[in-house]
Amino acid sequence: MSGKRGLFFRPTLALWQREMTRFVRQRSRIVGALATPLIFWLLIGSGLGESFRGAEVEGGFMRYFFPGTVVLILLFTAIFSTVSVIEDRRDGFLQGVLVAPVSRASIVFGKCLGGMTLAAAQAALFCLAAPWAGLPLDGAVVLRLLAALLLGGFALTALGFVIAWPLESTQGFHVMMNLVLIPLWLLSGAFFPARAGLWTEWAAALNPLAYITASVRRAFYGDGADLGLVPSFGPAMAVTLAFALVMFFLALRAVRRGGPESR
Amino acid sequence: MSAAVETNDLGRNFGPRTALSGVTLSIRAGEMFALLGPNGSGKTTLFRILSTLLAPSAGRARIGGCDVAGEAMAVRHQIGVVFQSPALDPQLTVEENLRCAGNLYGLRGADLAVRLRAAAGALGLSERLTDRVQSLSGGLQRRVEIAKCLLPRPRVLLLDEPSTGLDPAAREGLRATLERVRHESEVTVVMTTHLLEEAERCDRVAILHRGRLVACQTPAELRGRLGTDVVVVSGRKPEALAARVREMFGWPMSVRGERLRVEVPSGGDAAGRLVSALGRAADSVTVGRPTLEDVFLELTGEPLRGEGEA
């Protein structure tokens, strides 16, 4: 009974379930994660629509900005599902999980699966509006899209976990969100296309969020469309997978080391 | 019978600061054991090491024969940990919290259902299973936390300041619960506390001061260390009272606040002599056996609680 290795499957499932129940009971989170990007899309999309010209934004800015908005929903939902880690670890639920004979990987995995499910579900809900933005949905698009949303959601939740774990307070988290994550999103091609030869090209090439945005955009547009510097679906997914794995192992290492009060 | 919890020359530093040093103690199976000390005494550090949340920087600690640092998973199978702020999800109901906790220990299905009903029944929570935890009082939340910890039938229950945030009635209820649980489940109970009345009811008390273990005995043995009665004289000018007592009787004494504590072999006799000697200068004269607080003061040279602390 007292094995050296911790339990994995049942705890992972229990932790995932907990994320689902919490989310359903906190209606403000549903509104915040879905409504804010929707308003961004409507206001910014229609307001800036006339000022944007170029091959990549063919079909209007509302269409160009749609995949970017999907990524923003992913980002908000995934990241905010990890804010609870900060308080949970110090004086809440997570303390009890850490002293249970649970594999540390299951603690990270349960959280990431939870964040992934919530983020992908909310983003998918928004994607139902894609046809109105001039992005038709068919079987192939939906499959690619689901794959991109699930993988992107997992990667972003793991990123949120890595950021949240060492922090002492939620204020620090909001600083990270505003100073790092939103700029990364802005430079990911979600808002405007990166142009060859400019610094934005490098910013996009080195930006993990750019590959998530690319995979969502390619899911809608297909690999045939001329999207300038945007990578094809396969490579974009491959980079996102690599990013997700790196974040997962960084999160796992952080949990194994203990919190900031252990040092 | 081997010890349930054993530490050997245990120490922990945080950078240059020593939080715990050279602590060696052995807690027997089935014992109710208190780690007593004020804030900063190292008791929380010791608690965190025993809960596998913090690695020791020196020495070792074993629970059920397993090393807390090297065999953390094996230790986690044997302990239930009750934190100061309950490790519950306030958004979830009592039942959902218990179910989730059971799942973390690999419990499921009919076995979990049976244990869940039993633990809820034992802690008087049967009627509260569908309530959200956030709607419960502090005392009830603590009970949910204890029920949660009992599900996997731990051999050692570790509690961090279990009375904190509870009103006197809830404290009394908690104490009765722990006493019952200990007899029914044959669990070893180890709690940190800065409350004397809590320590007083334990089988043995370890007194920690500035990261060191200064005593580890039964409450009676600890009080016996002073071996005298204590007469407390209160009055508005304690220093003046002390001067007169010193001059007239030469007994050992100390002044704290408006109170003068005098240690004498026979309290009743001394009290009578003090009343007639001091007259109206003393507001009251009381006789008592030394308390753990007196012992703490004697051992460490400092009062257990700071000014204004309850």
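**Figure 1. Where chain B meets chain A: 33 residues of chain B are in contact with 33 residues of chain A.** Welcome to the interface of this predicted model. Together the two chains bury about 2800 Å², and carbon and sulfur atoms account for 60% of that area. Look out for B:Met73, B:His77 and B:Leu104: this trio supplies 25% of the area that chain B buries against chain A, more than any other three residues. Three salt bridges are counted between the two chains.

**Figure 2. B:Asp89 reaches across to two arginines of chain A, A:Arg18 and A:Arg22.** The side chain of B:Asp89 forms a salt bridge with that of A:Arg22 at 2.9 Å, N to O. This pair crosses between chains: B:Asp89 sits in the loop between strand S6 (79–82) and helix H3 (94–104) of chain B, while A:Arg22 belongs to helix H1 (residues 9–25) of chain A. Both B:Asp89 and A:Arg22 are buried. The side chain of B:Asp89 also meets that of A:Arg18 in a salt bridge, with an N to O distance of 2.6 Å.

**Figure 3. A network of salt bridges takes in residues of both chains.** Its members are A:Arg18, A:Glu19, A:Arg22, A:Asp88, A:Lys111 and B:Asp89. Within chain A, the side chains of A:Arg18 and A:Glu19 pair up at 3.8 Å, N to O, and both of these residues are buried. For context, the structure holds 25 salt bridges over all chains.

**Figure 4. A salt bridge along helix H6 of chain B links B:Arg175 and B:Glu172.** Their side chains meet at 3.1 Å, N to O. The two residues are three apart in helix H6 (residues 168–185), so about one helical turn separates them. B:Arg175 counts as partly exposed because its relative accessibility is 27%. B:Glu172 is likewise partly exposed, with a relative accessible area of 36%.

**Figure 5. Helix H11 (residues 292–300) of chain B is mostly covered.** Seven of the nine residues in this helix are buried, among them B:Leu292, B:Val295, B:Phe296 and B:Leu297. Do not overlook B:Glu293 and B:Asp294, which are on the buried list too. Right after the helix comes B:Gly301, with a positive phi near 75 degrees.

**Figure 6. Stepping back to chain B, with its 11 helices and 14 strands.** The C-alpha atoms of chain B fill a box of roughly 75 × 45 × 35 Å along the principal axes. Of its 310 residues, 53% are buried. Among contacts between residues at least 6 apart in sequence, 68% join residues at least 24 apart.

Terms used. Residues numbered from 1 in each chain as written. Chains lettered and ligands numbered in written order. Predicted model: local features only at pLDDT ≥ 70, side-chain atom pairs only at ≥ 80, totals over all residues. Heavy atoms only, no water. Helix = DSSP H or I, 4+ residues; strand = E, 2+ residues; numbered from the N terminus. Buried < 20%, exposed > 50% of the residue type's maximum accessible area, 1.4 Å probe, protein only. Contact = heavy atoms within 4.5 Å. Buried area = accessible area lost by both parts, 1.4 Å probe. Salt bridge = Lys/Arg side-chain N within 4 Å of Asp/Glu carboxyl O.
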